[in-house]
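You asked for a quick read of this model before our next chat. Here are my notes as numbered points, with the sheet up front and the cavities after that.

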Amino acid sequence: MIRLTTNEPGFANDLAEEIRLFLPAAEVFADAPRSEYAQDEVRVLFEERGGAWIARAEYLRGCDVLDEYVHSAPAVEGSALLRKRHAKRCMKVAVFRLMRKRFPEVCVPWGSLTGIRPTRLFRELERDVGSEAAIELLRSEFDVEASKLRLVREIADVQRPILAAQTARDVDVYIGIPFCKTRCLYCSFASSIRTASTDMEAYLNALFHDIELGAKLVAQTGRRVRCMYVGGGTPTVLTAAELDALLSRALAAYGASGVEFTVEAGRPDTIDAEKLDVMRAQGVSRISVNPQTMNAHTLELVGRRHSVEAVEDAVALARAKGFSTVNMDVIVGLPNETAEDVARTMERIVALAPENLTVHTLAIKRSSALKAQLCEYDLPDADVAEEMVMAGYSAAQSLKMRPYYMYRQKYMRGNLENVGYAREGAECVYNVDMMEDTTSIMAHGAGAMTKVVYDAERRIERVANPKDIATYIQKVERVYDVKRALFGG
């Protein structure tokens, strides 16, 4: 346990995230009484003096200062929001460099960055100071390593024409099916297991009403659909008839699916010829078949009740049905997997030749079964996790793919990242829009997140649907009223 004290308590949560980069399992308590918790303390003091901001970070044990770091930066003039942003940055850098000094063995390739969207930060800096200066700021001010700077720049270059093609009137449509066949060991999503007793009819009826209300609001506010994405959970846990009804209702309500229509089919054991025929007939242009690993022992361990061969059969069937854009998701750093296991996964995926490959780094989520049972499994250290990530990069290169979107999560092995790769022209537009926060999203389904982007103000407003399915069904109309106010309908 770590005690955190600061004279700027409004930044305590942000400073705690810097500490957790180095001590991910630590509980960080802001201004807790020293007697109740461990003696280790991080103290952060901030002041403005002589036109400069000065942040002093100290690591204490009892009353003894074991390490300290002082960071100074020119005081920023401007709006209160701008000053707050830069003051927080000054304090975060001080804490990061203190912790790096104290724990030099910890791998922190993204430096002091704790947000999930490093590429969005790069674009904002680029807009303010230019590309070269933005890269230099990420290196010198945020301590981002050279390999990650190259990744950010490459992704930004690939995204540029995709983002340039959108307009302020665009909106993406997300439809969520929060059901799966089983729950994976590492999963923290608000999804339910579909059983024979699941009242799917009640959920779908509420979802249809949600879609109709959202489509009406999009039309009233003069927006146009840029992309449509059906995610989960596992959307193909629906029967073919249910899936057909869902896609039909969505297309009828919105009138179009935009430049891209994706269904995250996901589990290969939920994919069959009839469902693929339904998706093709409804104009779905992109699907996902997500093995996560191509090692049978790991599939069993993490609770995915399908075989490696089922993955290969599902991809072959999708090809036979005419799908020309297939994504495959993998997770590196899974329990008890070695670098050799990941290399085997990548070899088998390369043989399947998908157009998209998304390489996730395992994140230990607090609400997952894995978190509760962590001591029972072997997980890779930072060096091995980096080797696994690089195996994904090599596989993508051999498939002639480029990285096109990226995001980070808390508690990732080796403080690494998730990267989506695609062949040129096969990038998922929705993934770019969603991860870069550049496009408003009208979201339907339990747990789905609607957002409106006010790009000129660099501001985003969000409305979350209830995660609990019964609550979602009851509150569709009430949430719609909030969406209407948000969209100005």
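**Notes on the sheet and the cavities**

1. Let's start with a strand pair. Strands β1 (residues 2-6) and β3 (residues 40-49) run parallel and are joined by four bridges. If you want a spot to look at, find Thr-5, which sits opposite Arg-43 in β3. Keep in mind throughout that this is a predicted model.

2. Now the whole sheet. Five strands make up an open sheet, ordered β2-β1-β3-β4-β5, with mixed pairing. The edge positions go to β2 (28-30) and β5 (64-74); each has a single partner strand, so one side of each lacks a neighbour in the sheet. On average, neighbouring strands here are turned by 20 degrees against each other, ignoring direction.

3. Next, the helices on the sheet. Helix α1 (residues 12-22) packs on the sheet and touches β1, β2 and β3. The direction of α1 makes about 140 degrees with that of β1. Helix α2 (residues 80-102) lies across β1, β3, β4 (52-61) and β5, and runs at about 35 degrees to β4.

4. On to empty space. How many cavities of 30 Å³ or more does a search of the whole structure find? The search turns up two. The largest has a volume of about 60 Å³, and the second largest has a volume of about 50 Å³.

5. What kind of residues line the largest cavity: nonpolar, polar or charged? Eight are charged, one is polar and none is nonpolar. The lining consists of Arg-120, Arg-123, Glu-124, Arg-127, Glu-436, Asp-437, Thr-438, Asp-455 and Arg-458. Helix α3 (residues 118-129) gives the largest share of that lining, with four residues.

6. The second largest cavity has a lining of five nonpolar, two polar and three charged residues. Those residues are Asp-210, Leu-213, Gly-214, Asn-465, Tyr-472, Lys-475, Val-476, Val-479, Tyr-480 and Lys-483. Which helices each supply at least two residues of this lining? They are α6 (200-220) and α16 (476-487), and the largest share, four residues, comes from α16.

7. For a quick look in the viewer, I'd go back to two places. One is the β1 and β3 pair, with Thr-5 opposite Arg-43. The other is the lining of the largest cavity, where eight residues are charged and none is nonpolar.

Note on methods:
Residues numbered from 1 in each chain as written. Predicted model: local features only at pLDDT ≥ 70, side-chain atom pairs only at ≥ 80, totals over all residues. Heavy atoms only, no water. 1 Å grid on protein atoms, 1.4 Å probe; cavity = no way out; pocket = protein on both sides within 12 Å on 5 of 7 lines; lining within 4 Å. Points joined across faces, edges and corners; volume = space filled by probe spheres on them. Nonpolar A, V, L, I, M, F, W, Y, C, P; charged D, E, K, R; others polar. Pairing = 2+ DSSP bridges. Axes fitted to C-alpha atoms, helices over the stretch in contact; angles between N-to-C directions. Contact = heavy atoms within 4.5 Å.
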